[in-house]
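Let's take a friendly walk through the inside of a protein. Have a look at the model first, and then we will explore how its parts pack and where space is left.

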Amino acid sequence: MRRRELIKLLGGAAAAWPLAARAQRAAMPVIGFLDPRSSPDSFSKEIAGFHRGLKDIGFVANENVTIEYAWGHDQLDRLPILAADLVSRPVAVLVASGGSRVAVIAKAATTTIPVVFAVAQDPVKLGLVGSLVRPDGNATGVNYFNVEPYGKRLELLGKLLPQRARVAVLVNPTDAATMEATLREVGSAAGYLGLETMAFNASSSQEIDAAFADVAGAHADALYLGGDTFLNSRRDQIATLAARNGLPAAYPQRDWAEAGGLMSYGPSLPNIYRLIGTYTGLILKGEKPSDLPIIQPSKFEFVINLRTAKALGLAIPPTHLALAGEVIE
């Protein structure tokens, strides 16, 4: 009898384990992660930064929090549908990853679920928050907009070029806010640097190829990349085309230099995503978005790829090497 009772007890426990596991998972808070890209492959360091930020506050994915990812597959018209699906589940926090377009869509999807975003434009002008100090709503996050990187990036590139050099500026027209800020600030900086700029648009892989053909036809001397989620996801293609066309190029983040680009100057995206993770964790702990001021990082990374410089036949000035936080040899 004891043996039969033991078998019955173990059998009942085994049947109960999956139910207990499901109950535990169901009890976990759920983070909705909305992003326009196809997968985390092109920004794995940023995702790792997001997880580090969560861990700083005591949350580990699949242990005490669940993350539901919604990928747009580079189709912006899908994002409102994906945002509405996450809101309907519902999630405890909605993370808007991938720039101003995603942040605006996430904010429009809910007035009650907290939204955490990262944008390169002024979140007040975008209508995301009432003020930087007191957001006064259900959204908060990171604003890494600063006009200084635009002009400084062009200045660093310009010192490698002759006066009146022609610089092609590649932007994504579907990201209007980023495109307008890039063209405005780069155009302003070009005037006092003695450079000429020409704008080229691309919002698909095919258009990137076509844009480079147009850049070659315009006899551009160099390339300046506007910061954009889509263009960043195509950095291998763009860096390869720039090298093939012999174009010295300035890029917005270190990933570009690591992919073979000549130089990069801009904010650390892994750090920005860590800050997003930290704010997400604080909200899960009970903080209100309206009480969390917008974070504005002021540290920028300058990276030079000497291999690329050598292939282009460029001599990098000692002043550049002294300023660089990292030199890829």
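Which residues does Met263 touch, not counting residues up to four places away in sequence? In this predicted model, Met263 is in contact with Leu156, Leu157, Leu160, Ala249, Ala250, Tyr251, Phe302, Val303, Ile304 and His320.

Met263 also belongs to a bigger picture. The largest nonpolar core has 29 residues, and Met263 is listed with Leu154, Val167, Leu195, Tyr224 and Phe302 as those with the most contacts inside it. Two or more residues of this core come from each of helix H5, strand E6 (166-171), helix H6 (176-193), strand E8 (222-225), strand E10 (263-267) and strand E11 (300-305). H6 gives the largest share, six residues. Another core, of 26 residues, lies apart from this one and includes Ala120, Tyr144, Ile283 and Leu292. As a general rule, nonpolar side chains in soluble globular proteins tend to be buried together.

Now turn to helix H3 (residues 79-88). Its buried residues include Leu79, Leu82, Ala83, Leu86 and Val87. Why do they sit on the same side of H3? They do so because they cover an arc of only 135 degrees around the axis. These buried residues pack against strand E1 (30-35), strand E2 (66-71), strand E3 (93-96) and helix H4 (100-109). On the face turned away from the buried side, you will find Ile81 and Ser88, which are exposed.

Next comes the empty space. Rolling a probe the size of a water molecule over the atoms shows where such space is left. The structure holds four cavities of 30 Å³ or more. Here are the largest cavity and the second largest pocket.

| Space | Volume | Residues closest to its centre |
|---|---|---|
| Largest cavity | About 430 Å³ | Ala120, Tyr144, Gly227, Asp228 and Gln253 |
| Second largest pocket | About 160 Å³ | Asp74, Leu76, Asn172, Ser203 and Phe230 |

The largest cavity is lined by 27 residues, which divide into twelve nonpolar, ten polar and five charged. Helix H5 (147-158), H8 and helix H11 (269-284) each supply at least two residues of this lining.

How many residues line the second largest pocket? There are 14, and by class they are three nonpolar, seven polar and four charged. Helix H8 (residues 229-233) gives the most to this lining, with three residues.

Conventions: Residues numbered from 1 in each chain as written. Predicted model: local features only at pLDDT ≥ 70, side-chain atom pairs only at ≥ 80, totals over all residues. Heavy atoms only, no water. 1 Å grid on protein atoms, 1.4 Å probe; cavity = no way out; pocket = protein on both sides within 12 Å on 5 of 7 lines; lining within 4 Å. Points joined across faces, edges and corners; volume = space filled by probe spheres on them. Helix = DSSP H or I, 4+ residues; strand = E, 2+ residues; numbered from the N terminus. Nonpolar A, V, L, I, M, F, W, Y, C, P; charged D, E, K, R; others polar. Buried < 20%, exposed > 50% of the residue type's maximum accessible area, 1.4 Å probe, protein only. Arc of directions from axis to C-beta. Contact = heavy atoms within 4.5 Å. Core = buried A, V, L, I, M, F, W, Y, C linked by side-chain atoms within 4.5 Å.
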